[in-house]
Amino acid sequence: MPASGLPAPAPRDIDLVVQALEAISPRWNAWVLMSLTEPARYSDLKARMPWMADGQLHPKVRDLQAAGLVRRTEHTRRHVIYTLTDRGAALLPVLDHFAAWGSKHLERPTVKDPVTKKNTTRPAAKGEEIEDALHLISRRHATTILWALRDRGATTGAALASSVLVDAHPTAVYHPLKHLSDKRLVTRDHEGKFVLTAAGRGLTPAYEALTAWATGQPTARRAPARPAAVPTQETSQKAVAGAVLRTAPAVASWKSGDLFSHPPVARPVKAPVPPAGGIRR
């Protein structure tokens, strides 16, 4: 990676994190990994994800094999077992962090309760929370921009471009910035500079865990406990409407390296719970 204004270890870590996101963020990949917590034949795996046709599922399994996350063991021609590799199994606690973040920050549509007849938030399966969260940060340059904003604090678009898009035209930074602003991970302060929102800062534990996994370090801490919703055909087939993160542009005091650091660090400042409303993917 060309020299940039980011701290020395950042380019390597960012590269590894981006590579990890490329492997796990495609639609249904997280579901496949979660469905392989127990060894399975292909028919078993298909039964666990009934909404997917062979033409969808088989390429996913093959890609995850190529990424070193899934192992295919052929005992006989008719007896093939799929399992998570050690690397794939180590990724599951990382996904828990994204599920916890999504459960807290992503808005879900409301549905009418069949018993009470009142509108209530539609529950989301764990895999849906994970995929929606990954979708927000897997866009090109998104992770690099979040890193730079964490390290620099309030920053102009031109300053961001000089550190994260050194080989591109400076105006190219505004497209990913618009995506992150639309999803309310980034906002502007009273001076018009870009800063992380509370939701953007809330990604800290997930990014720490992902960076630790991507760089081969032990995970710093476990994700908060969250009820594991069982994937259903309804929640899986439903196109995720997207995320509208609740805006809270308070700026906390940060230390260099907090967002992607490997050792345990202080938890981000917990913002007050805002009123219902929010983001869509």
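Buried means under 20% relative accessible area, exposed means over 50%, and partly exposed lies in between (1.4 Å probe, protein chains only). Keep that scale at hand for the exercises below.

The model is predicted, so local features need pLDDT of at least 70 and side-chain atom pairs count only at pLDDT 80 or more, while totals for chains, interfaces and linings use all residues. Residues are numbered from 1 along each chain as its sequence is written, and side-chain values use heavy atoms, with hydrogens and water left out.

**Exercise 1. Classify Trp28 and His141 by burial, and say where each one lies.**

Step 1: Trp28 has a relative accessible area of 9%, so Trp28 is buried. Trp28 lies in the loop between helix H1 (10-24) and helix H2 (29-35). Helices here are DSSP runs of H or I with at least four residues, strands are runs of E with at least two, and both are numbered from the N terminus.

Step 2: His141 comes out at 24% relative accessibility and therefore counts as partly exposed. Its place is the loop between H6 and H7.

Step 3: Now look at the backbone. Phi of Trp28 is positive, near 80 degrees, in a residue other than glycine. His141 is not a glycine either, and its phi is positive at about 75 degrees.

**Exercise 2. Get an overview of the protein chain: count its helices and strands, then describe its burial and contacts.**

Step 1: The secondary structure comes to 12 helices and 8 strands.

Step 2: The protein chain has 281 residues, and 45% of them count as buried. Its accessible surface is about 14,100 Å², with 53% belonging to carbon and sulfur atoms; the areas come from the Shrake-Rupley method with a 1.4 Å probe, and for residues only the protein chains shown count as cover.

Step 3: A contact means heavy atoms within 4.5 Å. Among contacts with a separation of 6 or more, 69% join residues 24 or more positions apart.

**Exercise 3. Find the residues that touch the most other members of the largest nonpolar core.**

Step 1: A nonpolar core is a set of buried Ala, Val, Leu, Ile, Met, Phe, Trp, Tyr and Cys residues joined through side-chain atoms within 4.5 Å.

Step 2: The largest one has 62 residues, and Leu33, Met49, Ile137, Leu146, Leu185 and Leu210 touch the most other members. Helix H5 (residues 86-105) supplies the largest share of this core, 7 residues.

Step 3: Take Leu210 as an example. Leaving aside neighbours within four places in sequence, Leu210 is in contact with Val17, Ala20, Leu21, Ile24, Val94 and Phe98.

**Exercise 4. Compare the burial of H7 and H9, then work out how they pack.**

Step 1: Helix H7 (residues 142-152) is mostly covered, with 9 of its 11 residues buried. Among them are Thr143, Trp147 and Arg150. Gly153 follows H7 and has a positive phi, near 75 degrees.

Step 2: In helix H9 (residues 174-182), the buried residues are Pro176, Leu177, His179 and Leu180. They span an arc of only 155 degrees around the axis, so they sit on the same side of H9; the arc is that of the directions from the helix axis to the C-beta atoms. Their cover includes helix H6 (126-137), H7, helix H8 (157-164), strand S5 (186-188) and strand S6 (194-196).

Step 3: The axes of H7 and H9 come within 10 Å and cross at roughly 80 degrees. This makes H7 roughly perpendicular to H9. Ala142, Ile145 and Leu146 of H7 make the contact with Pro176, Leu177 and Leu180 of H9.

Step 4: For reference, axes are lines fitted to C-alpha atoms, for helices over the stretch in contact, and angles run from 0 to 180 degrees between N-to-C directions. Angles under 35 degrees count as roughly parallel, over 145 as roughly antiparallel, 65 to 115 as roughly perpendicular and the rest as oblique.

**Exercise 5. Describe the surroundings of Gly157.**

Step 1: Gly157 lies in helix H8. With a relative accessible area of 5%, Gly157 is buried.

Step 2: Not counting residues up to four places away in sequence, Gly157 touches Val173, Tyr174, Leu177 and Phe194.

Step 3: Ala172 is 15 residues from Gly157 along the chain, and their C-alpha atoms are separated by 9.8 Å.
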